Amino acid sequence: MTAFFKPALDFRPASDSPDRVLVFSKDRLVVKTAGAGAEFPRPEELVLTGLEPDAQLRLGTIRGHTYSGCEMRHLPDLPVGLALTGLRALFGRLDDADFQIAGYAMQLLNWVSDNRYCGRCGNAMTLEEGDRALICTACRNTLYPRISPAIIVAITSGHRLLLARSGHFPGRRMFSVIAGYVEPGETLEDCVRREIREEVGLEVRRIRYFGSQAWPFSGSLMVGYTAEHAGGQIAVDGREILEADWFTRDRLPEIPGKISIARQLIDWFVENH
């Protein structure tokens with residue numbers, strides 16, 4: 001999260017009105033459109049259009065402005081100047097800090113929606129006072145937002161990069177670097193080796209940390225690595241990966257957009273090989 005962001009001490013709505021309210025409908029967000037750019041409408045602008053958000057989550061502040069988020073399943077028709085837009089499509093249109101807090105809000109709203117009732121006793125969960133948590137009204141079971149760690153790795157062999165295609169983009173031959181979720185009991189480096197071995201049948205060496213990215217669309221923390229091919233021939237598993245091959249910087253297939261750390265890893269390869 002940007003250095004300008006100061007998270008709220010708890011998620012309960014504040015007594016005063018926030019400066020910005022992020023209104024979601026599933027993974028889409030109400031924004032003001034201004035040419036190629038976009039921004040969050042003010043609360044009074046939402047009220048004038050018939051949007052009166054309730055059950056808000058207090059998110060925090062950016063540069064002294066307070067932000068809240070809410071989900072509305074049934075939205076009225078939006079007037080000209082407002083649009084309901086998928087968060088992915090807002091990358092590069094929203095200010096960087098606003099895009100990050102929008103991802104934060106979506107992840108928290110999904111967490112609250114998925115945990116309306118206690119998994120131990122079945123009673124209602126409520127927002128905890130003074131903590132960023134949900135608490136059971138009966139047995140006091142406390143839940144904190146869950147983050148699923150995942151690795152993503154660029155594998156090089158000399159001047160070549162391994163790229164693979166999954167079945168997640170039907171109708172497109174989109175290739176990307178290898179990624180996968182960390183299993184219980186694994187280190188991040190163990191996960192790198194296992195995922196590569198399982199999905200493309202290769203062994204690697206010189207595993208090096210590259211960077212990380214919060215990925216709100218799946219509630220993940222993507223931890224990026226680079227690694228070098230140490231042995232084995234490509235053998236795709238046929239389930240997670242449908243095809244894979246080595247590519248040079250001047251012969252790349254269709255690759256992910258710049259929103260993702262996957263693209264950052266591919267751009268790193270292009271710039272350094």
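User: In this predicted model, where does lysine 32 fall on the scale from buried to exposed?
Analyst: Buried means under 20% relative accessible area and exposed means over 50%, with partly exposed in between. Lysine 32 has a relative accessible area of 24%. By that scale, lysine 32 is therefore partly exposed.

User: Which residue meets the side chain of lysine 32 in a salt bridge?
Analyst: Lysine 32 lies in strand 3 (residues 28-34), and its partner lies in helix 1 (residues 43-48), 13 residues apart. The pair thus links distant parts of the chain. The N to O distance is 3.1 Å, and the partner is glutamate 45.

User: Is aspartate 10, which forms a salt bridge with arginine 12, buried or exposed?
Analyst: The two side chains meet at 3.1 Å, N to O. Arginine 12 counts as partly exposed at 30% relative accessibility. Aspartate 10 has a relative accessible area of 3%, so aspartate 10 is buried.

User: How many residues apart are glutamate 243 and arginine 173?
Analyst: Their side chains meet in a salt bridge at 2.8 Å, N to O. Glutamate 243 belongs to strand 16 (residues 243-247), whereas arginine 173 sits in the loop between strand 12 (160-165) and strand 13 (178-181). The pair links distant parts of the chain, and the separation is 70 residues.

User: Which element contributes the largest share of the largest nonpolar core?
Analyst: This core has 48 residues, and those with the most contacts inside it are Leu22, Phe40 and Ile101. The largest share amounts to 10 residues, and its source is helix 2 (residues 96-114).

Notes: Residues are numbered from 1 along each chain as its sequence is written. This is a predicted model: local features need pLDDT of at least 70, side-chain atom pairs count only at pLDDT 80 or more; totals for chains, interfaces and linings use all residues. Side-chain values use heavy atoms; hydrogens and water are left out. A nonpolar core is a set of buried Ala, Val, Leu, Ile, Met, Phe, Trp, Tyr and Cys residues joined through side-chain atoms within 4.5 Å. Buried means under 20% relative accessible area, exposed over 50%, partly exposed in between (1.4 Å probe, protein chains only). Helices (H or I, at least four residues) and strands (E, at least two) are DSSP runs, numbered from the N terminus. A salt bridge is a side-chain nitrogen of Lys or Arg within 4 Å of a carboxyl oxygen of Asp or Glu.
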